[in-house]
Amino acid sequence: MTPFEDDPLTVSAEVEIASTGLPVRVIRSDGFAALADSAVLTATSLHFTHDLTLDEWLAYAGVLLDAAEAVRWWLGDLLRYGEHRYGEKYSQALEATGLSYGSLADCVWVADRFAEVSRRREGLGWSHHREVAALDPADADALLDAAEAGDWSARDLRKAVRTFRRELGKGDPGPLPAGVFDVIVADCPWEYDFSAKWDINPASHYPTMTVEEICALGSRLPAADESALYLWSPAPKLIEALRVMEAWGFEYRSCAIWDKKRPGVGYWWRSRHELLLLGTRGEMSPPAPEDRWPSVIAEEKTAHSAKPVAVYEMIEQAFPNARRLELFARDRRDGWTVWGNEVEPSSTGTDPC
């Protein structure tokens, strides 16, 4: 059954939304029924009609936290319905509602990943499902089973996902490529310590590494004595990225900015850019003046952590005869040697052009 079909669950109430007159079916648990008998809920407040015991207060807190998790499912299914039902009119209609698709994209993605509603666990929150949504369905279901059996928090499940990915065979990219390289591009799997309120975490998509683990690669890095390093750095990781650059034996020279054209998340800013740091080793010569690109690369963000194709084209133009290596790569590209846990390692010094 999909969320677009009629739900057979018993409906205990039908209300009219005063502002629109639209009928809405409401499924009320015992907890919601008790809360409704003890409080007055409005769009801007919650007022209790009598003094609560501590146990009652804790019970109602649980009810509302469960509701907050459920709303994310409802929003995801609402937007998925709009995409399927209204086609090209969907974006215009969404804009008219005042909803921001960008801020709700995670809700849609998780709803898509769990489009088969029977896979959604009522005993676990939306945040639990978000932690495993990037995994294969069988692996996600197995971890959700474990989370239910062990009464794990979403943070507990996140740790289990991280361990699972590290133990997965594809999580080992193998030894670094043989030979030496004139140009190296690195998109490191930075480890974040998000607070519980954030639902987007790189560890949900791939195994992350501590800055110490990344720095340790420097002793084995196959860089030529005269070489350039292009190191991707999210804004919060700038200090750590400079530390990595130094540990790898490169001296910082300059940087470019990737403008993703739409904002993401962040504590202080809703970030829509990423830094591309440039460091050199030895007497590496800069590209010819005609091959120097502007320092702002405007290209819309696509899949999680995917980088703009224009950057590869820029480097190929600037260093057409260089031996090029991409670390933590996600795709193969002609003229490049690649290394990472999402691609098969290159077997020769350079891929065939």
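This is a short talk on one sheet, one helix and a few charged pairs in a predicted model.

I will start with the sheet. It is open and has seven strands, in the order β9-β7-β8-β6-β5-β10-β11, with mixed pairing. At the edges stand β9, residues 296-298, and β11, residues 336-339. Each of these two has a single partner strand, so one side of each is left without a neighbour in the sheet. From one strand to the next, the twist averages 20 degrees. As a reminder, strands of a sheet pair through backbone hydrogen bonds, either parallel or antiparallel. One parallel case here is strand β5, residues 181-186, with strand β10, residues 324-327, over four bridges. If you want a place to look, find I184, which stands opposite L325 in β10.

Now one residue in that sheet. D259 is in strand β7, which covers residues 251-259. Is D259 buried or exposed? Its relative accessibility is 18%, and the cut-off for buried is under 20%, so D259 counts as buried. A polar atom of the D259 side chain lies 2.9 Å from the backbone nitrogen of K261. Leaving aside neighbours within four places in sequence, D259 is in contact with R272, V296, I297, A298 and E299.

Next, the helix. Helix α9, residues 238-247, lies across β6, β7 and β8, and runs at about 20 degrees to β8. Which residues of α9 are buried? They include A241, V244 and M245. These three cover an arc of only 100 degrees around the axis, which puts them on the same side of α9. The general background is that an α-helix has 3.6 residues a turn, so residues three or four places apart point the same way. On the other side of α9, I239 and E246 are exposed. What do the buried residues of α9 pack against? They pack against α8, β6, β7 and β8. Just after the helix, G249 takes a positive phi of about 90 degrees.

That leaves the salt bridges. The count comes to 19, and I will go through three.

The pair between helices α8 and α9 is E212 with R243, with the closest N and O atoms 3.6 Å apart. E212 lies in helix α8, residues 211-215, and R243 in helix α9, so the pair ties together parts that are 31 residues apart in sequence. Both ends are partly exposed: E212 has a relative accessible area of 45%, and R243 has 41%.

Another pair takes us back to the sheet. The side chains of E274 and K260 meet in a salt bridge at 3.2 Å, N to O. E274 is in strand β8 and K260 in the loop between β7 and β8, 14 residues apart. Both E274 and K260 are buried.

The last pair is R119 with D141, whose side chains meet at 3.0 Å, N to O. R119 is in the loop between α4 and α5, and D141 is in helix α6, residues 137-150, 22 residues away. At 11% relative accessibility, R119 counts as buried. Where does this pair belong among the salt bridges? Salt bridges that share partners join R119, R121, D141, D145 and E148 into one network.

To recap: the sheet has seven strands, α9 lies across β6, β7 and β8, and R119 and D141 belong to a network of salt bridges.

Methods. Residues numbered from 1 in each chain as written. Predicted model: local features only at pLDDT ≥ 70, side-chain atom pairs only at ≥ 80, totals over all residues. Heavy atoms only, no water. Buried < 20%, exposed > 50% of the residue type's maximum accessible area, 1.4 Å probe, protein only. Polar contact = N/O pair within 3.5 Å; in protein donor to acceptor, adjacent residues only side chain to side chain. Contact = heavy atoms within 4.5 Å. Pairing = 2+ DSSP bridges. Axes fitted to C-alpha atoms, helices over the stretch in contact; angles between N-to-C directions. Salt bridge = Lys/Arg side-chain N within 4 Å of Asp/Glu carboxyl O. Arc of directions from axis to C-beta.
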